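Open the model in your viewer and get ready to select residues by number. The tour goes stop by stop.

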Amino acid sequence: MSEFPNGAALVFGASGGIGQHVAKAFARAGSDVALVYRTKKDVAERVAAEIKALGRKASLHQADVTQPAQVESAVDAAGKAHGRLHTVAWAAGPVVEQLFIGEVKRELWQKSIDIEVHGFFNAVQATLPRLRAGGGGSYVHMGSAGHVWFPPKDMLSVAPKAANETMIKGIAKEEGRNNIRANSVLVGVIEAGMFLELLKRGVFDQKWTDEVQKMLAIKRWGKPEEVGHAAVFLATNQYVTGQQINVSGGFGV
């Protein structure tokens, strides 16, 4: 039986390596899903077909999250398609270049902030009134395990997501009275999306792999489905808010 009320989970970045598995995890848990993508329409259509094969409704919505009007339009369309939106899952973001802080150019920093921080702000602004009007709901933010233990060269991922962690705490504090919760999944090295792309580029060599795996309690890379399971837990436990689940295989413990 579904643990969700009527309506849908709205997943930003649903065509991404992790976002698509988050979307499918919500479907497996009994929720309809509204998929927001930017350019990878073919991937979003495949994910939608897989969700429909699970017996759930899926809708597709294109938006560049840096453009507030596009985000508003996607959220409005999702609301019309599903009625209520009970969950907003944020899994959007670019492939993050691995650079020391002193090597980061201003333009690349600005791009990271625009997509991850301003984009998440745009998503919250567009969805918060709808969650309030629907009687509550939750935000689930896919953050970074680097928020707990900073990996060198990962500033372009960790710093923007750290700003969003503060926003999550603020939403939890301010919106609990409206039955709205907000939590984060801190994502470690997951065998999907950005990690596989950087691996293909040769960014991570065998020495890097050996050193990182020494710091893992569970001696393997994470699976994207495991991030999805954590997202569903945070969306369904009605007395958890302002919290973080670190899905990192015990990195650095």
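What follows is a walk through a predicted model, from helix pairs to aromatic rings to single residues.

**Stop 1: H1 and H2**

Two packed helices are described by the angle between their axes and the distance between the axes. Keep both in mind at each helix stop.

Select helix H1, residues 19–28. Add helix H2, residues 41–53. Their axes come within 10 Å and cross at roughly 20°. Angles under 35 degrees count as roughly parallel, so H1 and H2 are roughly parallel to each other. The crossing of these two helices is right-handed.

Now show the side chains. On H1, pick Gln-20, Ala-23, Lys-24 and Ala-27. On H2, pick Val-43, Arg-46, Val-47, Glu-50 and Ile-51. These residues make the contact. By class, five are nonpolar, one is polar and three are charged.

**Stop 2: H1 and H8**

Keep H1 on screen. Hide H2 and select helix H8, residues 224–236. At what angle do the axes of H1 and H8 cross? The answer is roughly 50°, and the axes come within 8 Å. That angle makes H1 oblique to H8. This crossing, too, is listed as right-handed.

From H1, select His-21, Val-22, Ala-25 and Phe-26. They meet Pro-224, Glu-225, Val-227, Gly-228, His-229, Ala-231, Val-232 and Ala-235 of H8. The contact of H1 with H8 has eight nonpolar, three polar and one charged residues.

**Stop 3: Phe-4**

Leave H1 and H8 visible and select Phe-4. This residue sits in the segment before strand S1. Is Phe-4 buried or exposed? Its relative accessibility is 11%, so Phe-4 counts as buried. Beyond its sequence neighbours up to four places away, Phe-4 touches several residues, including Phe-26, Val-232 and Ala-235. You have just seen Phe-26 in the H1 part of the contact and Val-232 and Ala-235 in the H8 part. Phe-4 also touches His-86 and Thr-87.

Try a distance. Phe-4 and Ala-48 are 44 residues apart in sequence and 19 Å apart in space, C-alpha to C-alpha.

**Stop 4: Ser-15**

Select Ser-15, in the loop between S1 and H1. At 7% relative accessibility, Ser-15 is buried. Setting aside neighbours within four places in sequence, Ser-15 is in contact with Gln-20, Tyr-37, Lys-40, Val-43 and Ala-44. Gln-20 and Val-43 also belong to the contact of H1 with H2.

Add Gln-70. The C-alpha atoms of Ser-15 and Gln-70 are 17 Å apart, with their positions 55 residues apart in sequence.

**Stop 5: the aromatic pairs**

How many aromatic pairs does the structure hold? It holds four. Visit two of them.

Begin with Phe-12 and Trp-90. Their ring centres are 5.6 Å apart, with 40° between the planes, and the pair is tilted. Phe-12 lies in strand S1 (residues 8–12) and Trp-90 in strand S4 (residues 85–90), so the pair ties together parts that are 78 residues apart in sequence. Phe-12 is buried, at 0% relative accessible area. Trp-90 is buried too, at 1%. Add Phe-120, which forms one aromatic cluster with Phe-12 and Trp-90.

Move to Trp-149 and Phe-251. Their ring centres are 5.1 Å apart and their planes stand at 85°, so this pair is edge-to-face. Trp-149 is in the loop between strand S5 (137–144) and H5, while Phe-251 is in the segment after strand S7 (244–247), 102 residues apart. Trp-149 is partly exposed, at 34%. Phe-251 counts as buried, at 18%.

**Stop 6: H4 and H5**

Select helix H4 (residues 106–133) and helix H5 (residues 155–175). They pack at an angle of about 20°, with axes 9 Å apart. H4 and H5 are therefore roughly parallel to each other. H4 passes H5 in a right-handed crossing. Among the contact residues are Phe-120, Phe-121 and Val-124 of H4 and Ala-163, Met-167 and Ile-168 of H5. The residues of this contact divide into 16 nonpolar, two polar and four charged.

**Stop 7: Ser-184**

Finish in strand S6 (residues 180–187), where Ser-184 lies. At 0% relative accessibility, Ser-184 counts as buried. Outside its neighbours within four places in sequence, its contacts include His-141, Glu-165, Ile-168 and Leu-234. Ile-168 was on screen a moment ago, in the H5 part of the contact with H4.

Conventions: Residues numbered from 1 in each chain as written. Predicted model: local features only at pLDDT ≥ 70, side-chain atom pairs only at ≥ 80, totals over all residues. Heavy atoms only, no water. Axes fitted to C-alpha atoms, helices over the stretch in contact; angles between N-to-C directions. Helix = DSSP H or I, 4+ residues; strand = E, 2+ residues; numbered from the N terminus. Parallel < 35°, antiparallel > 145°, perpendicular 65-115°, else oblique. Left-handed = near helix turned anticlockwise from the far one by under 90°. Contact = heavy atoms within 4.5 Å. Nonpolar A, V, L, I, M, F, W, Y, C, P; charged D, E, K, R; others polar. Phe/Tyr/Trp six-rings, centres within 6.5 Å; stacked < 30°, edge-to-face > 60°. Buried < 20%, exposed > 50% of the residue type's maximum accessible area, 1.4 Å probe, protein only.
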